[in-house]
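Hi everyone, thanks for making time. I'd like to walk you through a structure that's new to most of you, so let's get it up on the screen.

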Amino acid sequence: MRQGTSSVRTGGPNQSWYAAILQKYSIWVVLMLLVLGMGLLSDVFLTWGNIFNVLRQASIIGIVAVGMTFVIIGGGFDLSVGAVLAFSAIMSIQMQPVTPGRTALAVLLPLLVGVTTGTVNGFLVGFLRVNPFITTLGTQFVALGITLLYTNGQHVWVWNPDPVYAAIGGGFLGPVPIPVLIFAGVAALGHLVLSYTNFGQYLMATGANEGAAVLSGIRTLWIKVASFIIVGTTAALGGVVLGSRVKNLDPTAGIGYEFEIITAVVLGGTSLSGGRGSVLNTVAGVLILTLIANAMTLLNISHHYQLVIRGLILVGSVALDASSRRRTA
Amino acid sequence: MKIGRSSIAFLVVAMVLVVFTGSITAKDKIVIGLSEPSAGWPYISAYIRAFEAEAAKLRNVSVITLSADADIQKQANDIEDLISRKVDVLLVCSLDGTAVVPSLARAHAAGIPILAVSNEPSEAGQKFIKGYSGPDDKEQGRIAARIMAEALGNKGNVVIVEGTPGQSTTLARTAGFREELAKIAPNIKILAAQPANWDPAKAKAVAEAFLTRFGTQLDGIFSQDDNTAAAIGEVVRDSGIDKKIIIVGTGGSKNGINAIRTGLIYGTMMQSPSIDAKQGLELALKIVRGESLPQRRNIIPMPIVTPKNANEYEGEW
């Protein structure tokens with residue numbers, strides 16, 4: 001049932017346990033190599049300030065990527081996350097969180113929107129069997145349209161936010177930025193749920209072979225709905241963090257974030273055909289993407305070269321990851 | 001179901017009447033086609049509202065506004081639609097100054113006069129238009145350079161946080177800024193330029209990397225719109241850096257003016273969507289009446305805003 005999820009199974013008897021772990025998490029090796037390389041190229045890259053900056057920059061995309069990992073493992077796909085994230089961020093700002101009470105609304109209402117859109121997507125895909133690509137493309141347009149109606153096409157901002165609201169995106173606990181803690185918490189929770197609960201097992205089974213999963217008694221439709229609710233909620237949470245981080249946004253913000261999020265998940269080795277993936281590797285994928293952006297800016301590489309280099313690193317990482325997987329198979 | 005002869009006759013008469021009166025009003029009324037890049041952009045949205053409100057004051061003018069929703073292909077289709085609806089004058093705010101050229105050529109070939117508004121088409125498109133009305137992105141870059149040079153006393157190190165790479169607005173603002181600085185303040189050095197795609201979250205990431213790399217060497221930041229400039233102002237404030245860094249934006253938006261008043265950023269220049277829209281409508285009507293435009297490029301005023309005069313201005317968008 002856990003077909004392809006465990007490389008230990010395919011490792012063979014004479015393979016040592018650390019080689020197995022190395023193969024399972026080879027994308028982390030790629031990340032380490034990039035970190036070392038950048039450390040050599042720039043003397044400010046490996047400073048605590050920069051490391052925490054990169055982690056904070058990764059956190060918004062990262063929170064949503066954890067949710068996206070679930071939905072893709074379950075055999076689904078969600079293009080609406082960018083629009084849902086933007087709508088949540090804008091709604092959060094529009095609540096004008098200048099008092100503790102309004103801050104509570106600015107957090108809870110967007111989360112409710114995330115759960116709702118996730119539920120709608122999940123039902124359309126799970127029960128009505130509409131293709132997830134088309135479904136979530138549709139909800140993306142709806143969310144974008146509602147955002148424009150809601151804001152009347154105008155910029156939104158909150159100028160003197162409540163300290164608690166400002167802390168969500170801009171605060172620190174000791175030296176660690178709060179968004180990083182939120183990201184770490186979501187990733188840890190996601191990893192636990194995916195790896196150590198029945199739900200995680202059922203999700204993998206559903207994505208790998210839905211027919212077989214149904215035969216073995218898994219209620220795959222509900223599993224799918226749940227996976228869409230998870231991604232919807234993480235998109236909304238990412239939106240709240242974004243809203244608090246910038247406190248001023250255009251109604252068209254967040255468009256294109258879905259591609260970065262999906263890229264991070266795939267970079268982390270989660271199979272687009274479902275049934276296989278890991279939250280921890282998604283985290284590595286997110287960090288690689290963010291690190292590349294940070295490195296390019298630190299080295300002041302022109303945008304044209306940036307595209308080429310970014311493309312090469314992405315293709316290289318995926319190739320390296322795939323070849324190490326093949327060796328174990 | 002039975003339909004009586006009389007009701008069919010009534011329908012025919014009604015249809016003829018509709019067509020007839022329709023053609024009369026179409027001839028009576030001046031129809032302006034307005035192709036905009038995205039009604040979701042605050043400036044454009046404010047422009048459209050001001051334009052339609054001004055036009056509504058004139059009894060004989062109707063406006064067809066189409067929004068391309070930031071999609072180059074959709075703007076081409078929108079212009080195609082406006083051509084087939086035979087508008088009297090076509091106003092185009094190009095999403096991309098180069099990509100729009102084939103559409104301008106088609107409208108020109110169909111005999112529809114074109115006024116470029118708010119965002120100028122590239123060189124290749126110039127021969128198809130009657131003229132341009134709106135702000136001047138390159139001039140905005142120059143004005144930003146003047147604000148920066150004055151605030152820094154003509155010396156220091158600056159960086160540029162750009163809009164979306166390759167966009168004509170981005171290219172023009174960067175070029176204007178670089179040219180003017182080289183001319184009036186050759187001792188100001190531009191250390192780096194990186195894109196943030198008009199996204200305040202990305203602008204924060206870029207500014208953080210710049211601060212990491214250059215630290216106190218940095219004296220000024222030119223960010224190509226007010227919202228990214230304000231976001232960068234927060235980064236500088238929160239970085240605890242013990243130095244005044246001059247941040248200049250462009251636009252004169254509500255957020256930008258407020259950021260100047262609260263000290264987050266130093267300066268910007270006004271770009272008023274209502275003045276832009278009013279002038280666009282006036283010039284469009286001139287074209288329909290067969291009058292010539294005052295100039296080929298009719299640039300709206302773009303006064304400088306700094307802490308000295310920020311209380312005299314209100315942002316419109």
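Before anything else, a term we'll need: I'm calling it a salt bridge when a side-chain nitrogen of Lys or Arg sits within 4 Å of a carboxyl oxygen of Asp or Glu. And keep in mind that what you're looking at is a predicted model.

So, with that rule in hand, how many salt bridges cross the interface of chain B and chain A? The rule finds four. For the structure as a whole, over all chains, the count is 24.

Let me show you a couple of pairs. Here's A:Arg56 with B:Glu208: their side chains meet in a salt bridge, at 2.6 Å from N to O. A:Arg56 belongs to helix α4 of chain A, residues 48-73, while B:Glu208 is in helix α7 of chain B, so this pair joins two chains. Another one is A:Glu260 with B:Lys202, where the N to O distance is 3.6 Å.

Okay, zooming out to the interface itself. People often give the size of an interface as the accessible area lost when the parts come together. Here, chain B and chain A bury about 2,600 Å² between them, and carbon and sulfur atoms give 50% of that. Three residues, B:Gln194, B:Glu208 and B:Thr212, supply 20% of the area chain B buries against chain A, more than any other three. You've met B:Glu208 already, in the salt bridge with A:Arg56.

In residue terms, the contact takes 34 from chain B and 33 from chain A. There are also 18 residue pairs in polar contact between the two chains, counting pairs with both residues at pLDDT 80 or more.

Which elements of chain B touch chain A, with at least two residues each? They're α2 (42-57), β7 (188-195), α7 (200-214), α8 (226-239) and α9 (254-261). Of the elements on that side, α7(B) gives the most, with 11 residues. By type, the side of chain B that touches chain A has 17 nonpolar, eight polar and nine charged residues.

Last stop: empty space. A search of the whole structure turns up one cavity of 30 Å³ or more, and it holds about 40 Å³ of space. Its lining is B:Ile72, B:Gln75, B:Ala76, B:Leu95, B:Asp96, B:Ala99, B:Val100 and B:Ser103. Helix α3 of chain B, residues 72-84, gives the most to that lining, with three residues. Split by type, the lining has five nonpolar residues, two polar and one charged.

That's my tour, so over to you.

Technical notes
Residues numbered from 1 in each chain as written. Chains lettered and ligands numbered in written order. Predicted model: local features only at pLDDT ≥ 70, side-chain atom pairs only at ≥ 80, totals over all residues. Heavy atoms only, no water. 1 Å grid on protein atoms, 1.4 Å probe; cavity = no way out; pocket = protein on both sides within 12 Å on 5 of 7 lines; lining within 4 Å. Points joined across faces, edges and corners; volume = space filled by probe spheres on them. Helix = DSSP H or I, 4+ residues; strand = E, 2+ residues; numbered from the N terminus. Nonpolar A, V, L, I, M, F, W, Y, C, P; charged D, E, K, R; others polar. Contact = heavy atoms within 4.5 Å. Buried area = accessible area lost by both parts, 1.4 Å probe. Polar contact = N/O pair within 3.5 Å; in protein donor to acceptor, adjacent residues only side chain to side chain.
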